[in-house]
Protein chains: 2
Amino acid sequence: MTHPETTAVLRANQVLYDAFEAGDIDLMSALWLDGPDAATVSCVHPGWSPVVGRDAVLRSWSVIMANTAYIQFVLTDVTARVTDDVAVVTCGENMLTGFPVDPEGGGDGAPGLAGGHAVATNVLRRTAAGWRMWLHHASPVLTREDVEVEGDG
Amino acid sequence: MTHPETTAVLRANQVLYDAFEAGDIDLMSALWLDGPDAATVSCVHPGWSPVVGRDAVLRSWSVIMANTAYIQFVLTDVTARVTDDVAVVTCGENMLTGFPVDPEGGGDGAPGLAGGHAVATNVLRRTAAGWRMWLHHASPVLTREDVEVEGDG
């Protein structure tokens with residue numbers, strides 16, 4: 001049975017990726033939980049240690065967005081588990097990222113694109129104003145190639 | 001204000017690591033959520049894609065424990081966020097793992113030990129029988145060295 005709040009939860013989950021793609025820190029800020037539990041907000045970017053507290057988390061997004069010339073997400077296997085007050089969304093994050101032309105004139109002079117794959121756990125809290133992001137944990141998925149390279153070390 | 005269930009949540013969280021250290025699949029099995037929501041159980045091992053569903057998750061633990069000669073955890077920054085029905089625990093997983101003597105006679109012939117560091121998000125659900133693990137997401141923390149190696153690629 002699908003919880004009646006599932007659509008609202010999935011919409012809030014999507015805002016994380018919309019805000020990142022648009023580099024919109026105001027939208028990102030509106031999404032994350034505020035109020036008495038703001039200090040318990042937590043975010044793990046792929047390969048990072050956790051960033052804890054609403055202010056620190058938003059600063060981390062500002063830095064990441066300022067250093068991302070272009071990013072586009074295709075989410076896969078988006079699954080929402082919804083209880084009355086807390087929702088847990090898991091999804092695959094398939095990223096296409098762009099980087100600007102190398103100012104040193106290296107490479108072929110064309111802007112580059114790279115693909116990437118991560119998995120995310122997003123925990124949302126229900127508030128009077130709607131669902132808000134409480135925790136985001138994204139981690140790299142190692143390919144067979146990565147593992148072989150690591151095995152060589 | 002600390003939620004009155006915090007101690008029970010932290011105890012359940014610790015069971016995950018006790019079961020892994022002891023290679024005790026019965027203890028692991030008792031910890032994970034069963035019943036109508038068993039299919040929504042999810043587990044991300046470091047570098048893996050998500051394993052979904054209670055049975056598949058327990059099989060993954062069986063395989064990992066069968067292939068781990070020795071493992072010991074020291075948890076750091078263990079933080080519990082507890083609501084009435086759902087709890088979210090984040091922690092650093094500092095691992096000491098052992099591997100048996102290389103049967104091919106390589107190396108110095110002594111059993112080896114290796115350290116590792118990961119971060120985990122553990123989501124627990126309150127049931128009539130106590131707190132049960134609903135989702136585990138562990139991911140590697142990349143060190144400066146890892147990033148430099150990656151940057152070389």
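This short presentation covers the fold of chain A, a surface patch on chain A, and the relation between chains A and B.

Good morning, colleagues. Please keep in mind that what we are looking at is a predicted model.

Let me start with the architecture. Chain A contains 4 helices and 6 strands. Following the sequence, the elements come in the order α-α-β-β-α-β-β-β-β-α. Chain A has 153 residues, and 42% of these count as buried. As to contacts in chain A between residues at least 6 apart in sequence, 54% of them join residues at least 24 apart. The accessible surface of chain A is about 7,900 Å², and carbon and sulfur atoms account for 54% of that surface.

I turn now to one local feature of this surface. Which residues make the nonpolar surface patch of about 280 Å²? They are Y70(A), L96(A) and L113(A). Y70(A) lies in strand β3, which spans residues 70-82 of chain A. Its relative accessibility is 36%, and Y70(A) therefore counts as partly exposed, since the class in between runs from 20% to 50%.

Finally, the two chains. In general, two copies of a chain are related by a rotation about an axis and a shift along it. Here, a turn of 180 degrees with a shift of 0.0 Å along the axis lays chain B on chain A, at an RMSD of 0.0 Å. This is the relation of a two-fold axis. Within chain B, S139(B) has the C-alpha nearest the axis, at 2.8 Å from it. Of the interface residues of chain B, 96% are also interface residues in chain A, so the copies meet through the same surface.

Thank you for your attention.

Key
Residues are numbered from 1 along each chain as its sequence is written. Chains are lettered from A and ligands numbered from 1 in the order in which they are written. This is a predicted model: local features need pLDDT of at least 70, side-chain atom pairs count only at pLDDT 80 or more; totals for chains, interfaces and linings use all residues. Side-chain values use heavy atoms; hydrogens and water are left out. Patches are made of residues with over 30% relative accessible area and no salt bridge: like charges are joined within 9 Å, nonpolar side chains (Val, Leu, Ile, Met, Phe, Trp, Tyr) within 5 Å. Accessible areas come from the Shrake-Rupley method with a 1.4 Å probe; for residues, only the protein chains shown count as cover. A salt bridge is a side-chain nitrogen of Lys or Arg within 4 Å of a carboxyl oxygen of Asp or Glu. Helices (H or I, at least four residues) and strands (E, at least two) are DSSP runs, numbered from the N terminus. Buried means under 20% relative accessible area, exposed over 50%, partly exposed in between (1.4 Å probe, protein chains only). Copies are superposed by least squares on the C-alpha atoms of residues with pLDDT of at least 70 in both. Contact means heavy atoms within 4.5 Å.
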